[in-house]
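Colleague: Got a minute to go through this one with me?
Modeller: Yes, put it up.

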Amino acid sequence: MPLAPFAMGPAKQPDSGTNNPPMMNGVANTGSAIYEGSLLGLSSNLLVALTTTPAAGTIVGVAAAANLTAPGYNMGNQPTTVGWRQNIVPYYKASTDTVYASHLVNGSDTYVTPATTDIGTSIGLRVTATGEVVADRSLTTTNARVTILRIDTEFGTNVVEWVFLSTAIATV
């Protein structure tokens with residue numbers, strides 16, 4: 001499976017003693033197109049990639065690895081179909097503490113340059129045509145899922161750091 005063009009993931013974590021964001025593992029359908037950095041939700045208790053602008057209360061986390069890549073899933077010398085194996089996908093649990101980094105857009109797939117006026121605003125997330133999760137300046141009010149914390153110059157241009165709003169996170 002190809003990786004998304006920019007694998008969104010945690011940029012910083014408040015000191016929890018380990019400096020690691022909370023990790024979880026979940027079972028995904030083998031046919032799901034989950035890439036590293038995909039926004040994840042649940043469907044029939046299975047992890048799925050959220051492929052559009054996510055609705056409130058639907059985000060469970062961000063994929064730490066692509067679907068069908070968990071250690072042991074495609075073991076050597078095994079038949080194509082093994083009934084007992086599950087497709088486990090590790091993911092960063094959605095929380096309001098973990099800081100993420102992604103590109104910034106404004107209503108299209110074209111990256112825009114962040115401005116200081118973006119800092120502190122609550123905007124939405126969406127998935128581009130290539131599968132990349134981006135912060136979208138044009139998605140506000142009812143579609144707001146994140147709050148922009150800063151402009152990130154370490155990951156490259158057009159990148160902002162943000163945290164999830166509590167209303168975006170699924171209660172599971």
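What follows is a short exchange about the fold, the cores and one strand.

Colleague: What am I looking at, and how many helices and strands are there?

Modeller: It is a predicted model. The protein chain has zero helices and eleven strands.

Colleague: How much of the protein chain is buried?
Modeller: Of its 172 residues, 45% are buried. The accessible surface is about 8500 Å², and carbon and sulfur atoms account for 53% of that.

Colleague: Which residues have the most contacts inside the largest nonpolar core?
Modeller: Leu39, Ile59, Leu125, Ala135, Trp162 and Phe164, in a core of 20 residues. Strands 7, 8, 9, 10 and 11 each supply at least two residues of this core.

Colleague: And what does Ile59 contact, outside its neighbours within four places in sequence?
Modeller: Its contacts there include Leu39 and Phe164, along with Leu50, Pro54 and Ala94. Ile59 also touches Ala168, Ile169 and Ala170.

Colleague: Which residues are in the other core?
Modeller: That one has ten residues, among them Leu40, Val60, Ala63 and Val89.

Colleague: Switching to strand 8. How many of its residues are buried?
Modeller: Five of six.

Colleague: Which way does strand 8 run relative to strand 9, parallel or antiparallel?
Modeller: Antiparallel, with four bridges joining the two. Arg126 stands opposite Val134 of strand 9. The hairpin has five residues between the strands, and Gly131 there has a positive phi near 95°.

Colleague: And how many bridges join strand 8 to strand 10?
Modeller: Two, and that pair is antiparallel. Ile123 has Val146 in strand 10 as its bridge partner.

Key. Residues numbered from 1 in each chain as written. Predicted model: local features only at pLDDT ≥ 70, side-chain atom pairs only at ≥ 80, totals over all residues. Heavy atoms only, no water. Buried < 20%, exposed > 50% of the residue type's maximum accessible area, 1.4 Å probe, protein only. Areas by Shrake-Rupley, 256 points an atom, 1.4 Å probe, with all protein chains shown as cover. Core = buried A, V, L, I, M, F, W, Y, C linked by side-chain atoms within 4.5 Å. Contact = heavy atoms within 4.5 Å. Pairing = 2+ DSSP bridges.
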